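This report describes how the strands and helices of the structure shown below are arranged. Please keep the sequence and the model in view while reading.

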Amino acid sequence: SQYQIAVVVGSLRRDSFNRKLATAIAKLAPSEFVFKQVQIGDLPLYNQDDDANQAEAVKRLKAEITGAQGLLFVTAEYNRSIPGVLKNAIDHASRPYGQSAWAGKPAGVIGVSLGAVGTALSQQHLRNVLAYLDVPTLGQPEAFVQAKDGLFDAAGDIGADSKPFLQGWMDNYVSWVKKHNS
Ligand code: FNR
């Protein structure tokens, strides 16, 4: 069987390290896992007044999440928390009340930042939100990645130094998604 994974990247930056990480780490999964980065940059700012009349971009996001067997959040850290664009997307797909797209979807959380903190605080805040949304999130291993030379090779794949660790992370993520879909 196939596992569709909705990948949510917490950065809109053109040359985002997190987007690169999302693309590269997907290649470490078995071929039965199909990763698709969902678009969040065209979502309007969340406004509860629109709950009964969600924008097309919101409906698209919700359909992509609903149709997925797993979630992968790859997020930047902004001011020791998650970027607003990510929270905006999460809020949109959680509504209207009782019709959240997130509930029950197994998830993994990773991220890369310039600082040695490696998005640890962003990820911790995200875990808090996901717990409320009833998203079972892989606890271990954690992956706090620092952007430095060699993280990606010339082809954009995970570099040799980081590969064993991130392969281990992916193997655990794959097991987690399968467990929650059996
Ligand atoms: C940052 N950056 C940052 N880094 C970090 O480790 N902890 C932090 O709290 C912050 N705060 C922060 C706030 C804002 C508004 C910006 C723009 C940046 C730096 C951040 O790690 C860096 O810009 C990364 O390149 C962001 O990830 P992407 O866009 O490359 O995926």
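## Pairing of β3 and β4

In this predicted model, strand β3 (residues 70–75) and strand β4 (residues 107–113) run parallel and are joined by 4 bridges. Within this pair, L71 of β3 has A107 of β4 standing opposite.

## The sheet

The pair belongs to an open sheet of 5 strands, arranged in the order β2-β1-β3-β4-β5 with parallel pairing. At the edges stand β2 (33–37) and β5 (144–146); each has a single partner strand, so one side of each is left without a neighbour in the sheet. On average, neighbouring strands of the sheet are turned by 25° against each other, direction ignored.

Strands of a sheet pair through backbone hydrogen bonds, and the pairing may be parallel or antiparallel.

## A helix on the sheet

Helix α5 (residues 163–179) packs on the sheet, where it touches β1 (3–10), β2, β3 and β4. The direction of α5 makes about 155° with that of β4.

## Packing of α2 and α3

Two packed helices are described by the angle between their axes and by the distance between the axes. For helix α2 (residues 56–66) and helix α3 (residues 84–93), the angle is about 80° and the axes lie 9 Å apart. Because angles of 65 to 115 degrees count as roughly perpendicular, α2 is roughly perpendicular to α3.

The contact brings V58, L61, K62 and I65 in α2 together with A89, H92 and A93 in α3. By type, the residues of this contact divide into 5 nonpolar, 1 polar and 1 charged.

How values were computed: Residues are numbered from 1 along each chain as its sequence is written. This is a predicted model: local features need pLDDT of at least 70, side-chain atom pairs count only at pLDDT 80 or more; totals for chains, interfaces and linings use all residues. Two strands pair if DSSP finds at least two bridges between them. Helices (H or I, at least four residues) and strands (E, at least two) are DSSP runs, numbered from the N terminus. Axes are lines fitted to C-alpha atoms, for helices over the stretch in contact, and angles run from 0 to 180 degrees between N-to-C directions. Two residues are in contact if their C-beta atoms, placed from the backbone, lie within 7 Å. Angles under 35 degrees count as roughly parallel, over 145 as roughly antiparallel, 65 to 115 as roughly perpendicular and the rest as oblique. Ala, Val, Leu, Ile, Met, Phe, Trp, Tyr, Cys and Pro count as nonpolar, Asp, Glu, Lys and Arg as charged, and the others, Gly among them, as polar.
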